[in-house]
Structures are given as C-alpha cells and as structure tokens.
Amino acid sequence: MPIYEYVCRHCGQQFEKLVQASTSGPACPACQSQSLQQRFSVFAVGGKAATATTPSIDPCGSCGDPRGPGSCALD
C-alpha cells in the first residue's frame with residue numbers, strides 16, 4: 001500500500017495518506033474536501049545499509065607522524 005502526499009485545493013492543508021486500492025479517494029483531514037492535488041514525494045528504502053569504515057592508522061613508531069608508518073623520511 002503506497003503512501004501519497006496531497007495538498008488540499010480548498011484549504012491548503014498538506015498531508016500524507018496511506019491509500020488502499022479498494023477504498024475511495026482520500027479526503028482532506030482538515031476540511032473533508034476531496035479536491036486534492038497529489039504531490040511528488042520522496043521515498044525511503046528499508047534494509048541493511050552497508051557502512052563504510054575507515055581503517056584505524058596508528059602514528060609512526062619512529063617519528064610519531066600521524067599519517068602512519070612509512071609516511072616520513074625516517075623509514
């Protein structure tokens with residue numbers, strides 16, 4: 001069942017409505033008008049997202065350079 005966004009042409013109320021195929025058209029929750037304009041809406045996708053992790057780099061043991069071992073001229 002999709003969720004649609006609407007704007008009431010009568011009172012300007014913006015709202016979202018879960019719409020079932022078997023029901024009649026939605027009505028404005030503020031004024032009950034059925035004169036509505038459907039809006040473009042963004043959607044979200046559920047699921048497990050891949051997380052990017054940055055590797056932990058320890059400072060160089062020789063000079064303490066924060067970029068890690070091999071970053072300085074001492075190695």
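The following exercises, with worked solutions, concern the fold, cysteines, core and loops of one predicted model.

The model is predicted: local features need pLDDT of at least 70, side-chain atom pairs count only at pLDDT 80 or more, and totals for chains, interfaces and linings use all residues. Residues are numbered from 1 along each chain as its sequence is written, and side-chain values use heavy atoms, with hydrogens and water left out.

**Exercise 1. Secondary structure and sheet**

Task: Determine how many helices and strands the protein chain has, and state the order of the strands in the sheet.

Solution.

Step 1. Helices (H or I, at least four residues) and strands (E, at least two) are taken as DSSP runs, numbered from the N terminus. On this basis the protein chain has zero helices and three strands, and its pattern along the sequence is β-β-β.

Step 2. Two strands pair if DSSP finds at least two bridges between them. The three strands form an open sheet with order 2-1-3 and antiparallel pairing. Strand 2 (14-18) and strand 3 (36-39) are the edge strands, each pairing on one side only. Neighbouring strands of the sheet are turned by 40° against each other on average, direction ignored; the axes behind such angles are lines fitted to C-alpha atoms, for helices over the stretch in contact, and angles run from 0 to 180 degrees between N-to-C directions.

Step 3. Strand 1 (residues 3-8) is joined to strand 3 by four bridges, and Y6 stands opposite Q38 in strand 3. Five bridges join strand 1 to strand 2, where V7 stands opposite Q14.

Step 4. The hairpin of strand 1 and strand 2 has five residues between the strands, and within this hairpin G12 takes a positive phi near 85°.

**Exercise 2. The cysteine pair**

Task: Establish how many disulfides the structure contains, and whether C28 is buried or exposed.

Solution.

Step 1. A disulfide is a pair of cysteine sulfur atoms within 2.5 Å. A search of the whole structure returns zero disulfides.

Step 2. For C11, the nearest cysteine sulfur is that of C28, 3.6 Å away, and C11 is in no disulfide. The converse holds for C28, whose nearest cysteine sulfur is that of C11 at 3.6 Å.

Step 3. Burial is classed by relative accessible area: buried means under 20%, exposed over 50%, and partly exposed in between (1.4 Å probe, protein chains only). C28 is buried, at 0%, whereas C11 is partly exposed, at 40%.

**Exercise 3. Core and surface**

Task: Identify which residues make up the largest nonpolar core, and state what percentage of the residues count as buried.

Solution.

Step 1. A nonpolar core is a set of buried Ala, Val, Leu, Ile, Met, Phe, Trp, Tyr and Cys residues joined through side-chain atoms within 4.5 Å. The largest has six residues: Y6, C8, F15, V19, C28 and L36. In soluble globular proteins, nonpolar side chains tend to be buried together.

Step 2. Contact means heavy atoms within 4.5 Å. Leaving aside neighbours within four places in sequence, C8 is in contact with Q13, C28, C31, S33, S35 and L36.

Step 3. Of the 75 residues of the protein chain, 19% count as buried. The chain exposes about 6,200 Å², with carbon and sulfur atoms supplying 53% of it; accessible areas come from the Shrake-Rupley method with a 1.4 Å probe, and for residues only the protein chains shown count as cover.

Step 4. Among contacts between residues at least 6 apart in sequence, 28% join residues at least 24 apart.

**Exercise 4. The loop between strand 2 and strand 3**

Task: Decide whether S33 is buried or exposed, and state which residues S33 is in contact with, leaving aside its neighbours within four places in sequence.

Solution.

Step 1. S33 lies in the loop between strand 2 and strand 3 and counts as buried, at 16% relative accessibility.

Step 2. With neighbours within four places in sequence left aside, S33 is in contact with C8, H10, A27 and C28.

Step 3. Q32 is found in this loop too and counts as exposed, at 55% relative accessibility. Phi of Q32 is near 65°, a positive value in a residue other than glycine.

Step 4. A21, also in the loop, counts as exposed at 86% relative accessibility. A21 and P2 are 19 residues apart in sequence and 9.5 Å apart in space, C-alpha to C-alpha.

Step 5. L18, found in strand 2, counts as partly exposed at 44% relative accessibility. The C-alpha atoms of L18 and P2 are separated by 5.9 Å, with the two residues 16 apart along the chain.
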